[in-house]
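Q: I have this model open on my screen and I'd like a close look at one part of it. Could you walk me through a buried charged side chain and its surroundings?

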Amino acid sequence: AAYREAALRESLSWVRDWADRRQRLALLLGSAAAVLAAVLSAAALLRPLGRLAEAAGRVAAGDFTGRVPENSSDELALVSREFNRMTDRLAELDELKAGFVTRVTHDLRAPLSGILGQADMLLGGYKGKLSGQQEESLRSMLRSGKELAELIDNIIDVTRLEAGALKLEPGPIDVEEAIGSALETHQARAAQLRVTVSSHRQPELELVRADPQALRRVLDNLLSNALKFTPAGGAVSLSARRDNHREAVFSVSDTGPGVPEHRLGDLFKKFSQVPETAKRSRGHPGSGLGLAICRELVEAQGGRIWAESRPGEGARFSFTLPLEAGG
């Protein structure tokens, strides 16, 4: 009887241990299945949310062409449909805005050209001799008219660049000639402002591949901007060098007030103005489109543009262009 009781206890102990192991295994498998189900469910939810976040980022950057899939029947599909509907509407509004701006600026340019032409003829004595006050008034009118004409041209250029309607024709450009021509254009303005201008070209850099008008526009905008913020007695320099990545680097440096570091990222945005330096501009403060145009033109030619500055230490604006084969 003692043997049978001991054997029974031993058997019962084995059964209990076996049951405990099976229970722990079942709990472990259940937990693993629950975790796996949660992971799969989260992944199924996160993938469309990730696509939605990516599309929202493109919309924030001004690209209204992206769409998100609507192939489910839950609340997320409803959000996707509403997002696509919103994107379509934003694209329509953006197209209307671009068309309106283009029409208005074109309609403004024609009569403005006539006004400027008449004022120029009057200054030339076409209607007889003018008094000193009349001449000064006409010169002031011409200055304001040219500033308005520049703003109109900038708006048209930005609109065409964003729409991809501005066709560039890259070709080989002599760097020394491009630099010399750009400086020559601004020599008179620099002398009037009592600012020294200079240039330096690395001897190894001879040819770049770029659209001549686009390169000239970028150099003119950067030099004009530098002169505008450089005080009398200061200096502006234009340099070009060859880097190690088959690119040419052009830089325009000045000895102006500089730009706060936290503002550098905003410089190339449309209509961007830096409050800390705008009041120190010499002459018309500008429309805030010049640097945005520079960015569009440089990037359209496969380059990049950036600014470096510290308050009180001037600023340097640089951009890259591809080298011409053999240049």
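What follows is a walk around E247, its partner and the core.

A: Sure. Keep in mind that this is a predicted model. Let's get our bearings before zooming in. The chain has seven helices and seven strands. Reading from the N terminus, they come in the order α-α-α-β-α-β-β-α-β-β-α-α-β-β. Of the 327 residues, 34% are buried. If you take the contacts with a separation of 6 or more, 69% of them are between residues 24 or more positions apart. On the outside, the chain exposes about 20,100 Å², and carbon and sulfur atoms supply 55% of that.

Now for E247. You'll find E247 in strand β5, which covers residues 247-254. The relative accessible area of E247 is 15%, so E247 counts as buried, the limit being under 20%. Leaving out residues up to four places away in sequence, E247 touches R241, R242, R304, T320, L321 and L323.

Of those neighbors, R304 is the one to click on next. R304 and E247 form a salt bridge, with their closest N and O atoms 3.3 Å apart. This pair ties together distant parts of the chain: R304 sits in the loop between α7 (290-300) and β6 (305-309), E247 sits in strand β5, and 57 residues separate the two. The same two side chains also show up as a polar contact of 3.3 Å. What about burial on the other side of the pair? R304 has 41% relative accessibility, so R304 is partly exposed, as that class runs between 20% and 50%. E247, at 15%, is the buried end.

How does that fit with the other salt bridges? The structure holds nine of them. One of the nine joins R316 and E308, at 3.2 Å from N to O. Here R316 is partly exposed, with a relative accessible area of 37%, and E308 is partly exposed too, at 35%. Another one brings the side chains of R143 and E136 together, at 3.7 Å from N to O. R143 has a relative accessible area of 45%, which makes it partly exposed, and E136 is partly exposed at 46%.

Go back to R304 and you can step from there to the core. R304 is among the residues that F319 touches, and so are I305 and W306. Other contacts of F319 include L215, V218, L219 and L222, along with A248, V249, F250 and V298, again skipping residues up to four places away in sequence. F319 and F250 are the residues with the most contacts inside the largest nonpolar core, which has 47 residues. Helix α5 (residues 212-229) gives this core its largest share, eight residues. Apart from it there is another core, this one of 10 residues, with L116, L123, A149 and I152 among them. As background, nonpolar side chains in soluble globular proteins tend to be buried together.

So if you want a route through the view, start at E247 in strand β5, hop across the salt bridge to R304, and go on from R304 to F319 through their contact. That lands you on one of the two residues with the most contacts inside the 47-residue core.

Conventions:
Residues numbered from 1 in each chain as written. Predicted model: local features only at pLDDT ≥ 70, side-chain atom pairs only at ≥ 80, totals over all residues. Heavy atoms only, no water. Core = buried A, V, L, I, M, F, W, Y, C linked by side-chain atoms within 4.5 Å. Buried < 20%, exposed > 50% of the residue type's maximum accessible area, 1.4 Å probe, protein only. Helix = DSSP H or I, 4+ residues; strand = E, 2+ residues; numbered from the N terminus. Contact = heavy atoms within 4.5 Å. Polar contact = N/O pair within 3.5 Å; in protein donor to acceptor, adjacent residues only side chain to side chain. Salt bridge = Lys/Arg side-chain N within 4 Å of Asp/Glu carboxyl O. Areas by Shrake-Rupley, 256 points an atom, 1.4 Å probe, with all protein chains shown as cover.
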